[in-house]
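Let's walk through this structure together, starting at the DNA and then turning to the way two helices pack.

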Amino acid sequence: MNKLNSAAIIWLRRDLRLSDNAALYHALRSGLPVQIIFIFDTDILNQLENKNDRRLVFIHRALQTVNDQLKQHGATLHTYYGKPVDVWKNVLKDYNVEKVFANHDYEPYAQQRDNEIKNLLQSHSILFETYKDQVVFEKDEVCKADGLPYTVFTPYKNKYLSQLNAAHLKSYDNEKYFSAFLKQEAKHLIALSEMGFIEDNILFPKNKVDNSILKKYETTRDFPAMDATSRLSVHLRFGTVSIRQLMMQAMENSAVWTNELIWREFYMMILYKFPHVATGAFKPRYNTIPWRNNEQEFEKWCHGNTGYPIVDAGMRELLATGFMHNRVRMIVASFLVKHLLIDWKWGEAWFAKHLLDFELSSNNGGWQWAASSGCDAAPYFRIFNPYEQTKRFDSNLEYIKKWVPEFQELTYPQPIVEHTFARNRCLATYKLALQEK
DNA sequence: TTTTGAGTTGTTCGA
DNA sequence: GTCGAACAACTCAAA
């Protein structure tokens with residue numbers, strides 16, 4: 001071990017890349033030899049029910065890529081397995097740590113974890129420095145004139161764009177400083193099997209989107225059978241792409257896609273400023289809706305057996321691939337909440353478990369939007385008609401045929417509930433519940 | 001303080 | 001087939 005040399009440690013979490021990485025840039029310029037570490041966090045892994053976890057496979061592949069790049073510079077990635085606070089005690093034994101660098105991580109669990117590590121490092125007189133990297137503007141950087149947070153998207157977006165300039169999107173030119181990596185023999189990257197998981201042969205989307213897709217994005221993005229969306233959500237989730245570079249590309253090619261990137265930061269800000277959204281409605285009045293919460297119906301929704309082909313197609317796509325087209329996410333969410341009157345939190349949890357690109361803030365924001373309980377949400381009487389949506393966005397049934405090939409056969413189930421009946425039941429239920437206060 | 005304009009993604013009904 | 005209104009008022013943001 002290089003016990004004698006003091007080192008700067010950079011701890012990767014949701015920023016699994018070497019290029020244009022803020023914390024890495026500052027570490028490399030610190031004058032200390034830089035060692036990159038990653039922790040397979042058992043607090044998270046132990047909660048995973050499925051031994052074939054797509055997100056873990058994605059992370060593992062991203063780390064392999066990082067490690068391969070490091071090897072070209074005579075360096076190596078050091079992976080650990082355990083509870084972060086225990087792991088860090090080992091890191092301090094393995095290296096003569098002088099400073100620790102990481103990028104800001106905003107979710108409630110991450111905040112708590114980082115505070116714990118910060119205290120541990122502080123007790124050893126080690127500085128823990130963190131940087132903005134995951135977003136263009138953080139939770140406190142886009143506010144109303146009175147300093148309070150926005151709760152409506154459009155004025156937030158206007159303010160966001162009005163204060164955005166080239167400096168915010170400048171890349172960190174890390175490559176110039178790669179000679180600062182601590183030279184070390186290649187270390188063994190912990191295999192998935194060593195942690196009790198399986199490496200499945202999954203094909204992930206690439207971490208780039210063509211300008212040609214963005215140019216047509218506004219007119220084609222809503223058609224789930226088309227290859228017309230960026231497919232970058234999983235890369236944004238794990239930081240295998242730089243938000244600064246994406247925002248630059250977005251602004252040059254599509255105002256609508258730019259908005260999507262801003263929605264991401266809007267919902268991150270909302271989760272941070274209004275943490276109660278994680279456990280209940282943004283608008284507390286909506287906590288009084290008497291959900292039917294029929295478990296058999298929920299089960300049918302989960303596995304794509306509702307008898308509504310567009311809903312079933314989406315749910316099956318999710319189970320088969322860990323992804324669902326955005327338009328279809330809205331349709332299945334509206335259906336669960338409004339047609340079946342099942343608590344949006346059940347749907348949120350199902351998505352959280354299965355979406356490769358799962359992001360607490362966006363997932364929660366999307367579900368609350370569908371349930372009409374969120375900030376700036378759809379009005380409650382706005383109820384998607386699955387047949388109408390199919391006519392508009394999958395008129396030749398291409399998407400449906402792909403995921404529900406048997407939909408025109410006798411084996412395909414009857415609709416779980418009749419549309420007009422469900423619509424009226426929803427309107428009446430919401431109306432009554434919201435009147436009561 | 002009051003006023004004004006506006007608010008991601010829809011559906012249905014009746015003229 | 002097309003179009004506007006109703007759905008139901010409400011809250012936010014800014015002048």
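Which residues are the closest to DNA strand B? They are Phe153, Thr154, Asp376, Asn385 and Glu388, out of 17 residues that surround the strand; a residue is near a strand if its C-beta atom, placed from the backbone, lies within 6 Å of it. This is a predicted model, in which local features need pLDDT of at least 70, side-chain atom pairs count only at pLDDT 80 or more, and totals for chains, interfaces and linings use all residues. Residues are numbered from 1 along each chain as its sequence is written, while chains are lettered from A and ligands numbered from 1 in the order in which they are written.

Two or more residues of the surface near DNA strand B come from each of H6, helix H16 (386-393) and H18. Helices here are DSSP runs (H or I, at least four residues), numbered from the N terminus. By class, this surface has 9 nonpolar, 4 polar and 4 charged residues; Ala, Val, Leu, Ile, Met, Phe, Trp, Tyr, Cys and Pro count as nonpolar, Asp, Glu, Lys and Arg as charged, and the others, Gly among them, as polar.

Now look at DNA strand C, where helix H6 (153-163) and helix H18 (419-435) each supply at least two residues. Among the residues around this strand are Lys144, Tyr150, Pro155, Lys159, Leu427 and Lys431. The surface near DNA strand C has 7 nonpolar, 1 polar and 3 charged residues.

Finally, H6 packs against helix H10 (residues 255-273) at an angle of about 105°, with the axes 10 Å apart. Axes are lines fitted to C-alpha atoms over the stretch in contact, and angles run from 0 to 180 degrees between N-to-C directions. H6 and H10 are therefore roughly perpendicular, a term for angles of 65 to 115 degrees.

Terms used. Angles under 35 degrees count as roughly parallel, over 145 as roughly antiparallel, 65 to 115 as roughly perpendicular and the rest as oblique.
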